[in-house]
Amino acid sequence: MKPEETSGGTSGLESPKSTPSPEKTTPSKFELLAKKVGLWLLFLLIGALAVTLALYLPAQSKLSKAQAEVERLAAIETQYNELLPQFELAQAQTLVYKTISDASLLRTALLENDASKASQQMRYVEDDLAALNIPTYPEILQRLQSQFGKLKTADNAQLSITELDEFYKDLLLLADNLK
C-alpha cells in the first residue's frame with residue numbers, strides 16, 4: 001500500500017480545496033439606522049398597546065357605566081319633577097288640615113272657657129299659620145292672618161268664637177281651593 005492511499009486522500013485526484021468564506025461586510029450606516037428606527041417603532045407600538053390595555057380600556061368601561069347611570073338617573077329626575085308639584089300640594093293640604101284641626105280644638109277650649117288650653121291652641125294655630133306657604137293663594141293667606149289677628153284681640157269668649165268661625169270658614173275655603 002502506498003502511503004497516499006492510507007492518508008485518506010484520493011488516488012490520483014487532487015484534494016478538494018476549501019471554498020473561501022465570504023468576507024463579512026459591515027452594514028452601512030443607513031442599514032444600522034433603519035434597524036434602530038425599526039426597533040424603536042416596534043417598542044413604541046408595544047408601549048402604546050400596553051398603555052391602551054392598562055389605562056384606556058378600564059377608563060372606557062367606567063365611562064360607559066357612568067353614562068348608563070346618568071341615563072337611569074335622568075329617568076328618575078323626570079319622575080321627581082313630575083311628582084314634585086303633587087307633593088307640594090299634599091304638603092300644603094296637610095298643613096291646612098292641621099290648622100283646621102287646631103282651630104277646632106281652639107273652639108272646644110273657648111266653649112269650655114279653659115284659658116290655658118285656649119292659649120296653647122292659639123300658639124299652635126299661630127305656628128300653623130306661620131308654616132303655611134301657598135304662593136298660589138296669597139290673598140287667602142293674608143285674610144287668614146288678618147282674621148287670626150282679630151281672634152287674638154277679641155275681648156270675650158262669644159266674640160272669639162264668632163271670629164274663630166270666620167277663620168274656620170276661610171280655612172275650609174283654602175282647603176277647597178287646594179284640591
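**Tyr97.** I began with Tyr97, which counts as partly exposed at 41% relative accessibility; buried would be under 20% relative accessible area and exposed over 50%, with partly exposed in between (1.4 Å probe, protein chains only). I found Tyr97 in helix 2. I then looked up its distance to Leu174: the two are 77 residues apart in sequence, and their C-alpha atoms are 9.8 Å apart in space.

**What I am working with.** This is a predicted model, where local features need pLDDT of at least 70 and side-chain atom pairs count only at pLDDT 80 or more, while totals for chains, interfaces and linings use all residues. Residues are numbered from 1 along each chain as its sequence is written, and side-chain values use heavy atoms, with hydrogens and water left out.

**Overall fold.** I counted secondary structure next and got 5 helices and 0 strands. My elements are DSSP runs numbered from the N terminus, helices being H or I with at least four residues and strands E with at least two. Along the sequence I read α-α-α-α-α. Of the 179 residues in the chain, 20% are buried.

**Salt bridges.** How many salt bridges does a search of the whole structure find? I got 8, taking a salt bridge as a side-chain nitrogen of Lys or Arg within 4 Å of a carboxyl oxygen of Asp or Glu.

I looked at Lys98 with Asp128, where the closest N and O atoms are 3.0 Å apart. This pair links distant parts of the chain, with Lys98 in helix 2 and Asp128 in helix 3 (residues 115–131), 30 residues apart. I noted Lys98 as partly exposed at 41% relative accessibility, whereas Asp128 is buried at 5%. Adding Asp102, I have a network of salt bridges that links Lys98, Asp102 and Asp128.

My next pair was Lys117 and Glu112, with closest N and O atoms 3.9 Å apart. Lys117 is partly exposed at 30% relative accessibility, and Glu112 is also partly exposed, at 49%.

Then I checked Lys169 and Glu166, whose closest N and O atoms are 3.9 Å apart. Both lie in helix 5 (residues 157–177), 3 residues apart, about one turn of the helix. Lys169 counts as exposed at 51% relative accessibility, while Glu166 is partly exposed at 30%.

**Largest pocket.** I put its volume at about 270 Å³. Which residues are closest to its centre? Of the 15 that line the pocket, they are Glu88, Ala92, Asn133, Ile134 and Pro135. Helix 2 gives the most to the lining, with 6 residues. I sorted the lining into 10 nonpolar, 4 polar and 1 charged, with Ala, Val, Leu, Ile, Met, Phe, Trp, Tyr, Cys and Pro as nonpolar, Asp, Glu, Lys and Arg as charged, and the others, Gly among them, as polar.

My pocket rule, on a 1 Å grid over the protein atoms alone, is an open set of points with protein on both sides within 12 Å along at least five of seven lines, and lining residues have an atom within 4 Å of a point.

**Nonpolar patch.** Last, I looked at the surface, where Leu33, Val37, Trp40, Leu41 and Leu44 form a nonpolar patch with about 510 Å² of accessible area together. My patch residues have over 30% relative accessible area and no salt bridge, nonpolar side chains being joined within 5 Å; areas come from the Shrake-Rupley method with a 1.4 Å probe. I placed Leu41 in helix 2 (residues 29–111) and noted it as partly exposed, with a relative accessible area of 44%.

Definitions and conventions:
Patch = residues over 30% accessible without salt bridge, like charges linked within 9 Å, V, L, I, M, F, W, Y side chains within 5 Å. 1 Å grid on protein atoms, 1.4 Å probe; cavity = no way out; pocket = protein on both sides within 12 Å on 5 of 7 lines; lining within 4 Å. Points joined across faces, edges and corners; volume = space filled by probe spheres on them.
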